[in-house]
Structures are given as C-alpha cells and as structure tokens.
Amino acid sequence: MKRAIEGLLIAIAVALLPLMLARAADTSAQEKGAIAEATKYFDRANKFVEAGSLPRAKQEYEKAIKLYPKYLDAYYNLGVVCEKLGQKGGAIDQYKHYLEIKADDADVWNQIGVLYDETGSKMEARNAYGKALAINPKYGRAHNNLGVLLKEEGDLKGAEQHLTAFVKLEEEAGRQNGDAYYSLGILYLQESRDKDAKQLLQKAIDIDPSVPHYNNAMGDTYLVEKRPDLSIVYYQKAIEKDPNYVLAYSGLGDAYGQLKERAKALSSYRKALELRPDYALVYYKLGLFYEDTNSAEAIKNFEKYLQSGRTVEYRDEVAAKIEALKLSSTKP
C-alpha cells in the first residue's frame, strides 16, 4: 500500500504584507522593503499555481526567496510545487530551508520523511519521522509511515508499536480510518496472526468496501488459510473496483492454482504481467507453475525473475532450480 501522506496543501491565500512584517517585527526599513517586494512575487506565484502553471510558479517563489531569504511560506510552497513537478530532491531542499527557520513543524518533518522513503533513503526517512514524533508524539500519520517503513525493513516489533499507536490515536479521535486497520492487519498477516489480521481487515472493509487493497488483503488471508474459493471472491472485488489492480491478478492466479484450475491460474498471471511486465514475483510463480510440466518454460520464467533488476527474495532457490532443470533436460 502506498504510504498515507499528510496532505501538504499550497497556501494560496494572499500573503498580506502586515503578516510578513509581524513575523519580522524588529526588521529595518530596508528589510521591510525587501519583504514588500518579495510578497509581490509570492502572490504572483500563488496565482500561477491556481492557473496550473507550476514551472512559472516555481520561478516566482524563487524570486521571492532571493529578495527575502527568510520567507517561510515561500520555501514551503516552493517545496510543494517541486513535489508536484516530480522534483523530489528539490522539494527536500526547500523543506529543509523551511525547517532552518521553523524547526518544530512536525508536518514538514513527516513530509521530508515520505520523500526520503520514496527515493530509497531509508535511514534519513526514519530520522525525519522520528523528529516529527519527537515534536508531536500523537502524530498518527508519522506513526503509520514509520511503522510501514520498519515493517519493510523486517523490524516487526517496532512496526507493531507504531502501527498500533496509529490505530489507537485514530480511534481516540473518533475517526473511521480504514488505512489504520489495513496497515496493522497487513503486519499481523506477515506475523501469521491470521485471525487478528482478518478482524482488522474486516473493519477496514466495513468502513469503505470500495477500496481495492482492503479486499486484496482479505483475499490474501483466505489464501493463507487454504480457502481459495473465498480468496477469489475478494480478489475479484478488488479487480471490480480497479481493473488494473495487478496484485489481485497475482493473488487470483495463486487461488486458482490451489484449486488446480491451471488454465485460469495461467490467465491470471499473464494478465498481471500484461499490466506490469517487470513484476518479478509473477515470473517466479510462473516458473513454479511450469516446473513439473515444461522445463523450458520454467527456466525461461525463472531467468526472467533473476533478470528483473529488482531485489529478488528467492535468488538462490531459483538459481538452484534452473541448474536442476537444465541437468534434468540433458539426461537421456
């Protein structure tokens, strides 16, 4: 699941000069003049944002900052614009400038964590989430983001601590948050706590039955329980809500495989690869699918798995299987 990101919206309300001056009450006349001029560029940038012209908005925010390097709102808005332009490194830089002026903003620390997380800088992401929580220990989204990151890194105990905190905070606030139940449910599934996982995932589905990944996860719980008929029900619900939901097609292939319906299993796996040709795990599943019936196809898919360019969990196992299949195919 994509991490829940606290929405950082661009403050497009006009930044009035008195507000800027209030933040710099002891400024000189020269500084006040710089603030007034910078505010013109800031307001112009906001209008470009409203018009959807983000590159022009970026230029205007940069002009505002050049005129007044302490312009807090300009750094913030520029960071958001960089995000929207796909310039994650630039966004991180602008948020850091913002935090040099206002270091106690938990929202911005959390957002920096998200950006580091998305760019693979996991240590920096952990540190940023930690700083957000040090400022606000009841910041649910930061608990969620840190919990998901720790789960991915294999620290299930730490992940459970933060994901449980997220659920508790949402419930105490009276919020019906399916994502909170989903994240903790997925962790329980990974820990083989199938019953607990199912209870949480059902809560998520009860809140919003239209969310594909809630249904897909419930399908996974039934697959683990070797109840493929029920898995299929939930995988199909996920696909009904999102016809391009790749994970559901992969799970559907597994479910049909458990039912020995090989044609349907193969069709599901192929659909998953049609939607996502680099889906390494499906190549692994296809290798297993063909292993006992078609050595050439099994080898081809196992090799595609190894060549996927991604970190592959079963590398050693697959390498051994390829070697064994090649040896068996050369025997008289």
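What follows is a friendly conversation about how some labels in this predicted model are earned.

Biologist: Let's start with the aromatic rings. How many aromatic pairs does a search of the whole structure find?

Modeller: The search gives 12 aromatic pairs. One of them joins Tyr76 and Tyr98.

Biologist: Why is the pair of Tyr76 and Tyr98 called tilted?

Modeller: The ring centres are 5.8 Å apart, and the cut-off for a pair is within 6.5 Å. The planes meet at 50 degrees; stacked needs under 30 and edge-to-face over 60, so tilted is the label that remains. The pair also links distant parts of the chain, with Tyr76 in helix 4 and Tyr98 in helix 5, 22 residues apart.

Biologist: And how do you know whether Tyr76 and Tyr98 are buried or exposed?

Modeller: Buried means under 20% relative accessible area. Tyr76 has 14%, so Tyr76 counts as buried. Tyr98, with 6%, is buried for the same reason.

Biologist: What makes the pair of Tyr284 and Tyr314 stacked?

Modeller: Here the angle between the planes is 15 degrees, with 4.3 Å centre to centre. Stacked calls for planes under 30 degrees apart, so this pair qualifies. Tyr284 lies in helix 16 and Tyr314 in the loop between helix 17 and helix 18, so the pair ties together parts that are 30 residues apart in sequence.

Biologist: Which labels do Tyr284 and Tyr314 get for accessibility, and why?

Modeller: Tyr284 has a relative accessible area of 9%, under the 20% limit, so Tyr284 is buried. Tyr314 has 26%, between 20% and 50%, and is therefore partly exposed.

Biologist: What makes you say that Lys237 lies over the face of Tyr234?

Modeller: Lys237 is at 4.8 Å from the ring centre of Tyr234, and the distance limit is within 6 Å. The label also needs a position within 35 degrees of the ring normal. Arg276 lies over the face of Tyr279 in a similar way, at 4.2 Å from the ring centre.

Biologist: Where is Lys226, and what is unusual about its phi?

Modeller: Lys226 lies in the loop between helix 12 and helix 13. Its phi is near 60 degrees, a positive value in a residue other than glycine. Most residues other than glycine have a negative phi. Lys260, found in the loop between helix 14 and helix 15, has a positive phi too, near 65 degrees.

Biologist: Why do Lys226 and Lys260 count as exposed?

Modeller: Exposed means over 50%. Lys226 reaches 62%, so Lys226 passes, and Lys260 passes because its value is 70%.

Biologist: Why is Gly33 in helix 2 only given the label partly exposed?

Modeller: Gly33 has 39% relative accessibility, which is neither under 20% nor over 50%, so partly exposed is the label.

Biologist: What can you tell me about the second largest pocket?

Modeller: Its volume is about 310 Å³. Of the 13 residues that line this pocket, the closest to its centre are Gly257, Gln258, Arg262, Leu288 and Phe289. Helix 14, helix 15 and helix 16 each give two or more residues to the lining.

Biologist: How do the lining residues of that pocket divide by type?

Modeller: There are five nonpolar, three polar and five charged residues. Gly counts as polar in this scheme, so Gly257 falls in the polar group.

Notes: Residues numbered from 1 in each chain as written. Predicted model: local features only at pLDDT ≥ 70, side-chain atom pairs only at ≥ 80, totals over all residues. Heavy atoms only, no water. Buried < 20%, exposed > 50% of the residue type's maximum accessible area, 1.4 Å probe, protein only. 1 Å grid on protein atoms, 1.4 Å probe; cavity = no way out; pocket = protein on both sides within 12 Å on 5 of 7 lines; lining within 4 Å. Points joined across faces, edges and corners; volume = space filled by probe spheres on them. Helix = DSSP H or I, 4+ residues; strand = E, 2+ residues; numbered from the N terminus. Phe/Tyr/Trp six-rings, centres within 6.5 Å; stacked < 30°, edge-to-face > 60°.
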